Amino acid sequence: MTLFAVYARSHDKHGPEARALPERFSWFAMLLPPVWALAHGLWLALAGWVIFLVALGGVAEGIGPDATITLYALAALWTGFEASALRGAALRRGGWTSAGDAVASAPDLAELEWARRLTETKAQ
C-alpha cells in the first residue's frame, strides 16, 4: 500500500476530476532527472537541471572530478526524494488543488477512494 496525494479540480460539465501522485521515492527521477522532468512536463524542473548542469560543467575543472560527481549525485538523489512534491507543485500551478491523501495500491484506486469520500461528504 502506498500513500497518494490527491489533487482535484472541478469541471462545469463533468464534475470534479482527480489525480493521485504517489508519495514515495522515484528511481526514474533519480537515475535520469532531466528525462524524468521532460516526461512529466515539468518545464521549470527541466530548466533548473539544464542550468545546474551547465554551471556544474563550468566549475568542474576547478573543483575536480570527484566533487563534480558528488554534487551531481546529491542533486539527483534530492530529485528522487522530491519528485512527488515537484509534480504536485506543477499541478497546483495548473489550477489543481490539494484534496487530501489516500492509501491505496494504485493511483486509480486512490482516485476512487477520494471520489467515494467526496460522495459520502455530499450525502451527509
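**Note on the predicted model**

1. Helix α3 covers residues 43–63, 21 residues in total. At 1.5 Å a residue, that should span 30 Å. The end C-alpha atoms lie 29 Å apart, which agrees. Bear in mind that the model is predicted.

2. That helix also has a bend. At glycine 57, α3 turns by about 30 degrees. Glycine 64 follows α3, and its phi is positive, near 95 degrees.

3. Which residues of α3 are buried? They include Ala45, Leu46, Trp49 and Leu56. Among the elements covering the buried residues of α3 are α2 (33–39) and α4. In general, an α-helix has 3.6 residues a turn, so residues three or four places apart point the same way.

4. The largest nonpolar core has 9 residues: Phe4, Val6, Ala8, Ala18, Ala20, Ala102, Ala104, Ala110 and Trp114. At least two of them come from each of β1 (2–11), β2 (15–22), β3 (97–104) and α5 (107–123). β1 gives the largest share, with 3 residues.

5. Take alanine 18 from that core. Beyond its neighbours within four places in sequence, alanine 18 touches Val6, Tyr7, Ala8, Trp96, Glu111 and Trp114. A second core, separate from the one above, holds 7 residues, including Ala37, Leu42, Ala45 and Ala83.

6. Serine 84 sits in helix α4 (residues 65–93). Is serine 84 buried or exposed? Its relative accessibility is 7%, so serine 84 counts as buried, the cut-off being under 20%. Its side chain makes a polar contact with the side chain of glutamate 23, at 3.3 Å. Setting aside neighbours within four places in sequence, serine 84 is in contact with Leu21, Pro22 and Glu23.

7. How many aromatic pairs does the whole structure have? A search finds 4. In one of them, the ring centres of phenylalanine 25 and tryptophan 27 are 5.1 Å apart. Their planes stand at 80 degrees, so this pair is edge-to-face; the cut-off for that class is over 60.

8. Phenylalanine 25 also pairs edge-to-face with phenylalanine 81, at 4.8 Å centre to centre and 65 degrees between the planes. This pair links distant parts of the chain, 56 residues apart. Phenylalanine 25 lies in the loop between β2 and α1 (27–31), phenylalanine 81 in helix α4.

9. Ring pairs thus join Phe25, Trp27 and Phe81 into a cluster. How accessible are its members? Phenylalanine 25 is partly exposed, with a relative accessible area of 23%. Tryptophan 27 is exposed at 58%, and phenylalanine 81 is exposed at 55%.

Technical notes
Residues numbered from 1 in each chain as written. Predicted model: local features only at pLDDT ≥ 70, side-chain atom pairs only at ≥ 80, totals over all residues. Heavy atoms only, no water. Helix = DSSP H or I, 4+ residues; strand = E, 2+ residues; numbered from the N terminus. Buried < 20%, exposed > 50% of the residue type's maximum accessible area, 1.4 Å probe, protein only. Polar contact = N/O pair within 3.5 Å; in protein donor to acceptor, adjacent residues only side chain to side chain. Contact = heavy atoms within 4.5 Å. Expected span 1.5 Å × (residues − 1). Bend = angle between axes of the 7 residues up to and from the residue. Core = buried A, V, L, I, M, F, W, Y, C linked by side-chain atoms within 4.5 Å. Phe/Tyr/Trp six-rings, centres within 6.5 Å; stacked < 30°, edge-to-face > 60°.
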